[in-house]
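Please give me a guided tour of this structure. I have it open in a viewer and want to know what to select next, and what is there.

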Amino acid sequence: MILPAHFQDVLGPDLSAEIAAKARTRHLAAGESLLEPGTMVTAMPIVLSGLLKVSRVDEAGRALFLYHLGPEESCAMTFTCCMDRQASEIQAVAEEDAEVLLVPVEAMGDWLVRFPAWKAFVMRTVRERFNELLRTIDQIAFQNLDQRLVAYLKEKARAAGGTLVNLSHEKIAEELATSRVVVSRLLKKLEGDGKVVLFRNQVKLLAGLLPEER
């Protein structure tokens, strides 16, 4: 298993060699689940290619979208579950075909002590995911649903690297924890305002709603 050259530069040759020796890779087809709530977490995933969607799922099976994981990103929640030997509290599903590096829990604590680059990666992961969770909380607590929908569409388009969001109105409603009728009404309003174009199971963002780079 060979890490991407840029990632090797960030981690350094010694840590990269240990990861290559001890971690394993897993291919996920689009729509395939990597983690489900309640399952034991035995490895920390790092995305090598593709895109994962992380959601919080309630007892009724309703999923609330939290954030995406792209190349060279990981999930802070799985790190804490690994270190504490706890079950997963989130769902992680591939939004497109993805290659994921699985770092075994047995190595993670040792690397925190031995490799400053690993500690820096973990702390950066925790900080970035925490900031994304704060953005999600802010949207739910302080924004109207129309504002949340706009932020959601921008994030989906940014993560996909384009201007198309390939989701049905029903799926968008599920991830925003609302109804399809409400989402369809708000999307129609955005289309009337010249900010999106609606197709079957697709939303195209126009100039007034293009995602910002991070």
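The tour below goes stop by stop through a predicted model.

**Stop 1: the cores**

Select I19, L34, L52, L101, V103, W111 and W118. These residues have the most contacts inside the largest nonpolar core, which has 40 residues. Now add Y152, A157, L167 and A173. They are among the 20 residues of another core, which lies apart from the largest one.

**Stop 2: helix α3**

Select residues 76–84, helix α3. Which of its residues are buried? A76, T78, F79, C81 and C82 are. Show their surroundings next. The buried residues of α3 pack against strands β2 (33–35) and β3 (43–49), and against helices α4 (105–114) and α5 (116–142). Then step to R85, which follows α3 and has a positive phi, near 55°.

**Stop 3: strands β4 and β5**

Select β4 (residues 52–57) and β5. The two run antiparallel and are joined by six bridges. Pick L52 to see one of them: its bridge partner in β5 is L69. Five residues lie between the strands of this hairpin. At G61 in the hairpin, phi is positive, near 90°.

Stay on β5. Five of its seven residues are buried, so the strand is largely enclosed by the rest of the structure. Now pick L64, which lies in β5 (residues 63–69). L64 counts as partly exposed, at 22% relative accessibility. Beyond its sequence neighbours up to four places away, L64 touches V54, S55, R56, I140, R148, E175, L176 and A177. Draw a distance from L64 to L176. Their C-alpha atoms are 6.0 Å apart, although 112 residues separate them along the chain.

**Stop 4: salt bridges**

The whole structure holds 15 salt bridges. Here are some to look at.

- Select E18 and K22. Their closest N and O atoms are 3.3 Å apart. Both sit in helix α2 (residues 13–22), four residues apart, which means a separation of about one helical turn. E18 is buried at 16% relative accessible area, while K22 is partly exposed at 44%. Add D110 and R114: with E18 and K22, they are linked in a network of salt bridges.
- Select R129 and E73. This salt bridge has its closest N and O atoms 3.8 Å apart. R129 lies in helix α5 and E73 in the loop between β5 and α3, so the pair ties together parts that are 56 residues apart in sequence. R129 is buried, at 2% relative accessibility. E73 is partly exposed, at 25%.
- Select E95 and K156. Their side chains meet in a salt bridge of 2.8 Å, N to O. E95 is in the loop between β6 (91–94) and β7 (98–104), K156 is in helix α6 (residues 145–160), and the two are 61 residues apart. Is K156 buried or exposed? K156 is buried, with a relative accessible area of 4%. E95 is partly exposed, at 31%.

**Stop 5: a surface patch**

Show the surface and colour F130, L134 and I137. They form a nonpolar patch with about 290 Å² of accessible area together. F130 belongs to helix α5.

**Stop 6: the three-stranded sheet**

Finish with an open sheet of three strands, paired antiparallel in the order β8-β10-β9. Select β8 (164–165) and β9 (196–199) at its edges. Each has a single partner strand, so one side of each is left without a neighbour in the sheet. Next, add β10 (residues 202–205), which pairs with β8 over two bridges. Pick L164 last: opposite it, in β10, stands K204.

Definitions and conventions: Residues are numbered from 1 along each chain as its sequence is written. This is a predicted model: local features need pLDDT of at least 70, side-chain atom pairs count only at pLDDT 80 or more; totals for chains, interfaces and linings use all residues. Side-chain values use heavy atoms; hydrogens and water are left out. A nonpolar core is a set of buried Ala, Val, Leu, Ile, Met, Phe, Trp, Tyr and Cys residues joined through side-chain atoms within 4.5 Å. Buried means under 20% relative accessible area, exposed over 50%, partly exposed in between (1.4 Å probe, protein chains only). Contact means heavy atoms within 4.5 Å. Patches are made of residues with over 30% relative accessible area and no salt bridge: like charges are joined within 9 Å, nonpolar side chains (Val, Leu, Ile, Met, Phe, Trp, Tyr) within 5 Å. Accessible areas come from the Shrake-Rupley method with a 1.4 Å probe; for residues, only the protein chains shown count as cover. A salt bridge is a side-chain nitrogen of Lys or Arg within 4 Å of a carboxyl oxygen of Asp or Glu. Two strands pair if DSSP finds at least two bridges between them.
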